[in-house]
Amino acid sequence: MVGTEIELRVDNVAHGGWCVGRHNDRVVFVRHTLPGERVRVRVTEETKRFLRADAVEVLEASPDRVEPPCPFAGPGRCGGCDWQHATLEAQRRIKGEVVAEQLRRIAGINREVRVEELPGTPDGLGWRTRVRFAVDHAGRPGLRRHRSHEIEPVDRCLIAHPEVDRLGVTDLEWPQVREVEAVASGSTKDTALIVTPTGAKLPPLPAPKASAAVLRRFRNGRVQQVRGRRAVRERVGEREFRVSAGGFWQVHPAAARVLTEAVLEALAPKPGETALDLYCGAGLFTAALAEAVGPEGRVLGVEGEVDAVRDAAHNLRDLPWARVEQGDVGQRLREWVDMRVDVAVIDPPRTGAGTLVARQLAELRNRRVAYVSCDPATLARDLAAFVEEGYELVDVRAFDSFPMTHHVECLAVLERTEQD
């Protein structure tokens with residue numbers, strides 16, 4: 001049935017940038033459409049339970065539909081943006097519906113969710129400070145098509161930050177290169193290029209159009225400095241952070257500040273308290289918590305990536321009551337089982353923290369947990385585990401940290417139902 005075209009009406013929205021319709025009592029997940037539209041779709045994938053399809057013609061359009069600003073968006077083209085054909089208001093409404101549906105279906109939690117706009121990008125473009133370009137056999141950079149290893153050559157990515165654009169990656173040829181990741185600080189002028197060669201040796205590289213550090217990424221993920229700085233500087237408020245170019249940092253320029261303020265508001269840490277920052281990266285939340293609890297308190301962070309731990313140690317050097325340890329979060333929580341903790345923030349990767357970590361964190365009897373997540377499905381799964389361990393979900397906030405895409409950043413606030 002792949003390649004077949006059918007007409008249908010789509011109703012609901014589903015996680016991952018899809019809308020849902022039915023054809024002959026079979027569920028069809030459709031991209032490039034909006035709830036309520038009647039469309040002609042081309043089937044791209046068939047399973048025993050459902051079909052996947054692209055909307056190739058809109059027969060009855062939603063009032064929320066707009067012309068995509070990017071010429072590379074659309075069926076069979078770049079897979080990076082899911083909702084360029086919707087107004088920003090509709091995008092945020094759709095994302096809120098997805099988060100609410102995941103909470104209801106997976107965790108049994110009924111709650112309306114409003115997605116908040118982040119400042120600085122009113123048109124939803126020019127925000128992404130890290131863009132990974134794939135390179136085809138001819139050395140042309142591009143972006144991967146949806147659910148495919150095929151590469152769509154592009155001359156520009158409209159959601160890329162202006163400092164990423166200045167590097168001119170798409171204007172250059174990259175022979176013997178598999179990927180080029182362009183990194184720009186959202187708060188300083190620091191930029192870097194991380195190049196993954198196709199072979200064992202790094203080939204001669206074209207010169208970027210703007211000054212940038214150059215690093216090499218090996219197939220195991222390790223990053224090696226070639227020239228220039230190994231890290232970029234990020235500024236949040238009055239504090240500067242060193243972040244390894246290949247490490248994790250929020251890609252929207254406003255996200256780090258907004259999320260930090262939201263976490264502090266949610267936890268309300270008091271001077272002298274003990275706080276945890278799990279999956280702490282370069283120490284963004286660790287530093288904020290340390291400033292809040294003061295020298296009479298303490299903050300313990302855990303991070304698995306060695307480079308991020310080194311960055312955190314550098315970033316926290318003026319806060320000796322804050323310490324970051326390298327290792328597995330579950331293992332560290334087992335070691336700290338007898339420690340009294342007041343508040344905790346947890347910002348796991350997309351796979352989530354898991355039910356075991358929720359149980360271990362609950363054993364520390366902390367009064368509040370702030371859970372930061374970029375995946376509503378794993379967030380819902382883990383929230384169900386926290387509720388099972390004696391916590392109540394008191395608030396959910398969502399932030400449009402990734403305009404034009406289906407991704408959304410959430411902050412869930414959990415409070416113990418029984419206090420010691």
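This is a chat about the strands, a helix pair and the cysteines of a predicted model.

Me: Which strands close into the barrel, and in what order?
Reply: Five of them do, going round as β1-β2-β3-β5-β4. The pairing is mixed, and from one strand to the next the twist averages 50°.

Me: What holds strands together in a sheet, generally?
Reply: Backbone hydrogen bonds, with the strands either parallel or antiparallel.

Me: OK, so how do β1 and β2 pair?
Reply: They're antiparallel, with three bridges, and β1 covers residues 5-14. One pairing to look for is A14 with its bridge partner W18 in β2.

Me: What's in the hairpin of β1 and β2?
Reply: Three residues sit between the strands, and G16 takes a positive phi near 105° there.

Me: And how many bridges join β2 to β3?
Reply: Five, and those two strands run antiparallel as well. On the sequence, β2 is residues 18-23 and β3 is residues 26-31.

Me: Which residues stand opposite R22 and H23 in β3?
Reply: R22 stands opposite V27, while H23 has R26 across from it.

Me: Which residue has the positive phi in that hairpin?
Reply: That's N24, with phi near 55°; the hairpin of β2 and β3 has two residues between the strands.

Me: Switching to helices. At what angle do α7 and α8 pack?
Reply: About 35°, with the axes 9 Å apart. You'll find α7 at residues 355-363 and α8 at residues 376-388. The crossing of α7 past α8 is right-handed.

Me: Which residues make the contact?
Reply: From α7 it's T355, A358 and L361, and from α8 it's D382, A385 and F386. Sorted by class, that contact has four nonpolar residues, one polar and one charged.

Me: Last topic: how many disulfides does the structure hold?
Reply: Zero. A disulfide would be a covalent bond between the sulfur atoms of two cysteines.

Me: Why is C19 not in one?
Reply: Because the closest cysteine sulfur, in C81, is 16 Å from the sulfur of C19, which is too far for a bond. The cut-off is 2.5 Å between the sulfurs.

Me: What about C81, which cysteine sulfur is closest to its own?
Reply: The one in C78, at 6.2 Å, and that's still too far for a bond.

Me: Are those two buried or exposed, C19 and C81?
Reply: C19 is buried, with a relative accessible area of 0%. C81 is buried too, and its value is 13%.

Conventions: Residues numbered from 1 in each chain as written. Predicted model: local features only at pLDDT ≥ 70, side-chain atom pairs only at ≥ 80, totals over all residues. Heavy atoms only, no water. Pairing = 2+ DSSP bridges. Helix = DSSP H or I, 4+ residues; strand = E, 2+ residues; numbered from the N terminus. Axes fitted to C-alpha atoms, helices over the stretch in contact; angles between N-to-C directions. Left-handed = near helix turned anticlockwise from the far one by under 90°. Contact = heavy atoms within 4.5 Å. Nonpolar A, V, L, I, M, F, W, Y, C, P; charged D, E, K, R; others polar. Buried < 20%, exposed > 50% of the residue type's maximum accessible area, 1.4 Å probe, protein only.
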